Amino acid sequence: MSLILPKFEYYKPSTLDEALELLAKFKGDARILAGGTDLIVDLRSRIKKPKAVIDIKGIKELHKLEYIEGKGLIVGATVTLNELLEHPIVKSKFHVLYDSVRQLADMQLRNRATLVGNICNASPAADSAPALLVLDAKVKAVSKRGERVIEIKDFFKWVKKTALEPDEMVTEVFIPEPPEGSRGKYYKATRNVEDLAIVGVAGLVAYPNEPSKRIVRLAYASVAPTPIRIYEVEELFKRDEPLPKLIDEAVNIALRKVSPITDVRGSDWYRRHLVDVLTRKLLIELFLEG
Ligand SMILES: Cc1cc2nc3c(=O)[nH]c(=O)nc-3n(C[C@H](O)[C@H](O)[C@H](O)COP(=O)(O)OP(=O)(O)OC[C@H]3O[C@@H](n4cnc5c(N)ncnc54)[C@H](O)[C@@H]3O)c2cc1C
């Protein structure tokens with residue numbers, strides 16, 4: 001990989017309107033720069049060769065991190081991962097998100113990288129994605145033509161492909177208030193602490209002891225072309241049956257739904273093994289320990 005960046009026009013708008021104007025003008029030949037921790041790597045390796053780079057860090061209205069009691073959390077496009085971790089409500093109310101973001105790379109990288117950049121990069125290994133999937137997050141996409149809300153489950157289309165149109169950008173992610181009393185956790189298997197996930201699994205459980213009301217959600221990173229939530233396990237846990245039996249069934253469903261690849265981080269077989277082990281561990285802990 002060359003350390004030299006390719007040639008591109010660099011813009012640093014100070015308003016959202018200016019950024020949208022530029023996106024419309026370059027018709028898909030421009031890239032948004034937030035923290036740059038993915039984009040700069042992709043530019044250097046020539047995976048991306050845009051005519052223009054639009055640095056959004058100077059747009060004040062995108063630096064919004066706000067919790068609205070009873071409604072949820074708004075995370076603007078330039079909010080860094082460390083800013084998110086430092087917000088007390090994120091740890092207490094949105095623990096599964098906190099747990100996933102604290103395991104993303106290292107302190108230095110999290111000082112620059114954003115949550116929105118993590119999902120817009122659309123890596124199957126994006127650590128925040130499984131947490132956002134179990135939390136039913138919504139993505140606000142804006143262009144000169146107007147704005148729309150995309151459910152996070154519809155946002156990831158393929159490896160490095162999102163539902164965004166070429167002239168659209170994400171201004172914020174909205175994470176609704178999690179179900180009352182819910183518990184959440186993220187497990188990440190890696191080769192070393194700063195590496196991408198070999199497998200990541202996020203879980204959210206509410207009302208563990210009341211089968212009819214019980215909520216169980218599971219979502220994964222690095223087991224398919226996109227981060228995935230496995231909806232098929234959710235009805236299962238409404239059955240009033242012994243927990244070990246339900247967990248066995250949930251693991252079997254998960255193993256049928258994943259389609260991992262073999263790459264430098266792990267084999268298809270090893271990833272399946274991790275899905276089995278991590279799903280069991282996560283569910284047992286969420287049910288029994290909280
Ligand atoms: C050493 C290293 C370790 C890493 N470790 C991890 C890890 O453990 N887990 C993990 O998940 N990731 C990891 N990453 C990847 C990266 O750091 C994260 O994905 C990060 O969150 C990206 O955020 P960013 O703000 O830097 O995005 P950028 O690089 O600025 O942007 C990423 C992509 O999203 C687009 N984009 C950004 N913002 C918007 C927007 N508002 N609207 C539309 N498009 C937008 C950009 O054009 C670009 O294509 C690592 C990267 C490095 C270099």
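I began with the rule for strands: two of them pair if DSSP finds at least two bridges between them. I note that the model is predicted.

**Entry 1. Strand E6 and its partners**

I looked up Lys138 under that rule and found that Lys138 stands opposite Phe174 in E10. E6 and E10 pair in the antiparallel sense, and I recorded 5 bridges for them. I then turned to E7 and found that Lys138 also stands opposite Glu151 in that strand. Strand E6 covers residues 138–143 and strand E7 residues 146–151; the two run antiparallel and are joined by 6 bridges. I asked how many residues the hairpin from E6 to E7 passes through. The hairpin that joins them does so through 2 residues.

**Entry 2. Domains**

I noted three domains: domain 1 (9–55), domain 2 (60–176) and domain 3 (183–288). For the first pair, I read a separation of 18 Å between the C-alpha centres of domain 1 and domain 2. I found 14 residues of domain 1 in contact with 19 residues of domain 2. On the domain 1 side, helix H1 (residues 16–26) gives the largest share, 6 residues. By class, I recorded that side of domain 1 as 7 nonpolar, 4 polar and 3 charged residues.

**Entry 3. Shell around the ligand**

I next looked up the ligand and found that 30 residues surround it, the closest being Gly35, Thr37, Gly117, Asn118 and Cys120. The elements that give two or more residues to this shell are strand E2 (30–33), helix H2 (39–44), helix H7 (115–120) and strand E10 (169–176). I asked which element gives the largest share of the shell. The largest share comes from H7, with 4 residues. I recorded the shell by class as 18 nonpolar, 7 polar and 5 charged residues. I also asked why the ligand lies between domain 1 and domain 2. Both domains give residues to the shell, so I place the ligand between them.

**Entry 4. Helices H10 and H11**

I closed with a helix pair. Helix H10 (residues 243–257) and helix H11 (residues 268–288) have axes that come within 10 Å and cross at roughly 145 degrees. I recorded the crossing of H10 past H11 as right-handed. From H10, I listed Leu243, Ile247, Ala250, Val251, Ala254 and Leu255 at the contact. These residues meet Arg272, Val275, Asp276, Thr279, Arg280, Leu283 and Phe287 in H11. By class, I noted 9 nonpolar, 1 polar and 3 charged residues in the contact of H10 with H11.

Note on methods
Residues are numbered from 1 along each chain as its sequence is written. This is a predicted model: local features need pLDDT of at least 70, side-chain atom pairs count only at pLDDT 80 or more; totals for chains, interfaces and linings use all residues. A residue is near a molecule or strand if its C-beta atom, placed from the backbone, lies within 6 Å of it. Ala, Val, Leu, Ile, Met, Phe, Trp, Tyr, Cys and Pro count as nonpolar, Asp, Glu, Lys and Arg as charged, and the others, Gly among them, as polar. Domain bounds come from an automatic or database domain assignment. Axes are lines fitted to C-alpha atoms, for helices over the stretch in contact, and angles run from 0 to 180 degrees between N-to-C directions. A crossing is left-handed if the near helix is turned anticlockwise from the far one by less than a right angle, and right-handed if clockwise. Two residues are in contact if their C-beta atoms, placed from the backbone, lie within 7 Å.
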